[in-house]
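The following paragraphs guide a new reader through one molecular model, beginning with a single residue and moving outward from there. Please keep the sequence and the structure in view while reading.

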Amino acid sequence: MTGSGLTPTGLRVRREGDDTTELRAVVAAGGDPAQALEQLIARLSLEPGIHDLHWHLDATPTEAEQDAVA
């Protein structure tokens, strides 16, 4: 994700049966999040082991953003 404007802030891995693993990544986006996600999704979709990909935008402020306002 280096250079994409995305910063990893969390990662969770869960085994789903014998041959499936769920990976959930939380990232903070600097700049245009739509463009950064588009690039990341395009790269991930080329990986042969990835069979399903979902994402959603959570506009909840991070702790650092909340602290900056306080």
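**From one residue to the pocket**

Leaving aside residues up to four places away in sequence, T21 touches V13, R14, R15 and E16. One of these neighbours is also joined to T21 through a polar contact: the side chains of T21 and R15 are linked at 2.8 Å. The model in which these contacts appear is a predicted one. T21 itself belongs to strand β2. Is T21 buried, partly exposed or exposed? Its relative accessibility is 42%, and T21 therefore counts as partly exposed, since that class lies between the limits of 20% and 50%. A further reference point for T21 is D52, which stands 31 residues apart from T21 in sequence, with 11 Å between the two C-alpha atoms.

From strand β2 the account may turn to the helix α1. This helix covers residues 33-45, which makes 13 residues. From the first C-alpha to the last, α1 reaches 18 Å, close to the 18 Å expected at 1.5 Å a residue. At the N-terminal end, D32 serves as a cap for α1, with a side-chain oxygen placed 3.2 Å from the backbone nitrogen of A34.

Which residues of α1 are buried? They are A36, L37 and L40. Viewed down the axis of α1, these buried residues fall within an arc of 95 degrees, so they line one face of the helix. A general property of such helices helps in reading this pattern: an α-helix has 3.6 residues a turn, so residues three or four places apart point the same way. The cover over the buried residues of α1 includes strand β1, residues 6-15.

Strand β1 holds L6. With a relative accessibility of 5%, L6 counts as buried, because the buried class comprises values under 20%. L6 can also be placed relative to one of the buried residues of α1: L6 and L37 are separated by 31 residues in sequence and by 8.1 Å in space, C-alpha to C-alpha.

The loop between α1 and α2, the latter spanning residues 63-69, contains L57. L57 has a relative accessible area of 60% and is therefore exposed. The C-alpha atoms of L57 and T9 are 14 Å apart, with their positions 48 residues apart along the chain. T62 is likewise found in the loop between α1 and α2. At 35% relative accessibility, T62 counts as partly exposed. T62 and T9 are 53 residues apart in sequence, and their C-alpha atoms are 9.9 Å apart.

The final subject is the largest pocket, whose volume is about 1700 Å³. Its lining consists of 39 residues, and the closest to its centre are R24, A25, V26, H54 and W55. Which elements give two or more residues to this lining? They are β1, β2 and α1. Strand β2 gives the most to the lining, with nine residues. The walk thus returns to the strand in which T21 lies.

Notes. Residues are numbered from 1 along each chain as its sequence is written. This is a predicted model: local features need pLDDT of at least 70, side-chain atom pairs count only at pLDDT 80 or more; totals for chains, interfaces and linings use all residues. Side-chain values use heavy atoms; hydrogens and water are left out. Helices (H or I, at least four residues) and strands (E, at least two) are DSSP runs, numbered from the N terminus. The expected span of a helix is 1.5 Å times one less than its number of residues. Buried means under 20% relative accessible area, exposed over 50%, partly exposed in between (1.4 Å probe, protein chains only). The arc is that of the directions from the helix axis to the C-beta atoms. Contact means heavy atoms within 4.5 Å. A polar contact is a pair of N or O atoms within 3.5 Å; within protein, one must be able to donate a hydrogen and the other to accept it, and residues adjacent in sequence count only if both atoms are side-chain atoms. On a 1 Å grid over the protein atoms alone, a cavity is a set of points where a 1.4 Å probe fits but cannot get out, and a pocket is an open set with protein on both sides within 12 Å along at least five of seven lines; lining residues have an atom within 4 Å of a point. Grid points are joined across faces, edges and corners, and a volume is the space filled by probe spheres set on the points.
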